[in-house]
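Please read the following briefing alongside the sequence and the structure. The points are grouped by topic.

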Amino acid sequence: MSTDLSFTRDGVDVVYEGTEFELEKDLIEEATGKGYRDVTDHEILQIVAEDPTLDGEPVRIGDVL
């Protein structure tokens, strides 16, 4: 199954193995030790999945927003 990420100003909406949830901005910053806009999609995938498949170059949330 795939993991779908949708980035918002308040956090990331995630669909992981059919389960939908939101990772809040503060939680992401605490987990990564970075400002929200500097976190990459690859880092989000590593928070969500135990052993994610990381395809392509990482993209900063700030570049998506």
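In this predicted model, helix α2, which spans residues 41–48, is largely enclosed by the rest of the structure, because six of its eight residues are buried. The points below take up that helix and what covers it, then one of its residues, Asp41, then the loop residue Thr40, and finally a negative surface patch and Glu17.

**Helix α2 and its cover**
- The buried residues of α2 are Asp41, His42, Glu43, Ile44, Leu45 and Val48.
- The cover over these buried residues includes the strands β1 (3–7), β2 (11–16) and β3 (19–24), together with the helices α1 (25–32) and α3 (61–64).

**Asp41, a buried charge**
- Asp41, which belongs to helix α2, is buried yet has no salt bridge, and the nearest side chain of opposite charge, that of Lys34, is 10 Å away.
- Because a salt bridge requires a side-chain nitrogen of Lys or Arg within 4 Å of a carboxyl oxygen of Asp or Glu, the 10 Å that separates Asp41 from Lys34 is consistent with the absence of such a bridge.
- When residues up to four places away in sequence are not counted, Asp41 touches Leu5, Phe7, Glu57, Pro58 and Val59.

**Thr40, in the loop before α2**
- Thr40 is found in the loop between α1 and α2, and its relative accessible area of 13% places it among the buried residues, because buried means under 20%.
- Leaving aside neighbours within four places in sequence, Thr40 is in contact with Pro58, Val59 and Arg60; Pro58 and Val59 are also among the residues that Asp41 touches.

**The negative surface patch**
- Asp10, Asp13, Glu20, Glu22, Glu24, Asp26 and Glu30 together form a negative surface patch, to which β3 and α1 are the elements that give two or more residues.
- Strand β3 gives the most to this patch, with three residues.
- Glu30, one of the patch residues, lies in helix α1 and has a relative accessible area of 68%, so it counts as exposed, for which the value must be over 50%.

**Glu17, a residue with positive phi**
- Most residues other than glycine have a negative phi.
- Glu17, by contrast, has a phi near 50°, a positive value in a residue other than glycine.
- This residue, Glu17, is found in the loop between β2 and β3, and at 48% relative accessibility Glu17 counts as partly exposed.

Conventions
Residues numbered from 1 in each chain as written. Predicted model: local features only at pLDDT ≥ 70, side-chain atom pairs only at ≥ 80, totals over all residues. Heavy atoms only, no water. Buried < 20%, exposed > 50% of the residue type's maximum accessible area, 1.4 Å probe, protein only. Helix = DSSP H or I, 4+ residues; strand = E, 2+ residues; numbered from the N terminus. Contact = heavy atoms within 4.5 Å. Patch = residues over 30% accessible without salt bridge, like charges linked within 9 Å, V, L, I, M, F, W, Y side chains within 5 Å. Areas by Shrake-Rupley, 256 points an atom, 1.4 Å probe, with all protein chains shown as cover. Lys, Arg positive; Asp, Glu negative; His and termini not counted. Charge placed at Lys NZ, Arg CZ, Asp CG, Glu CD.
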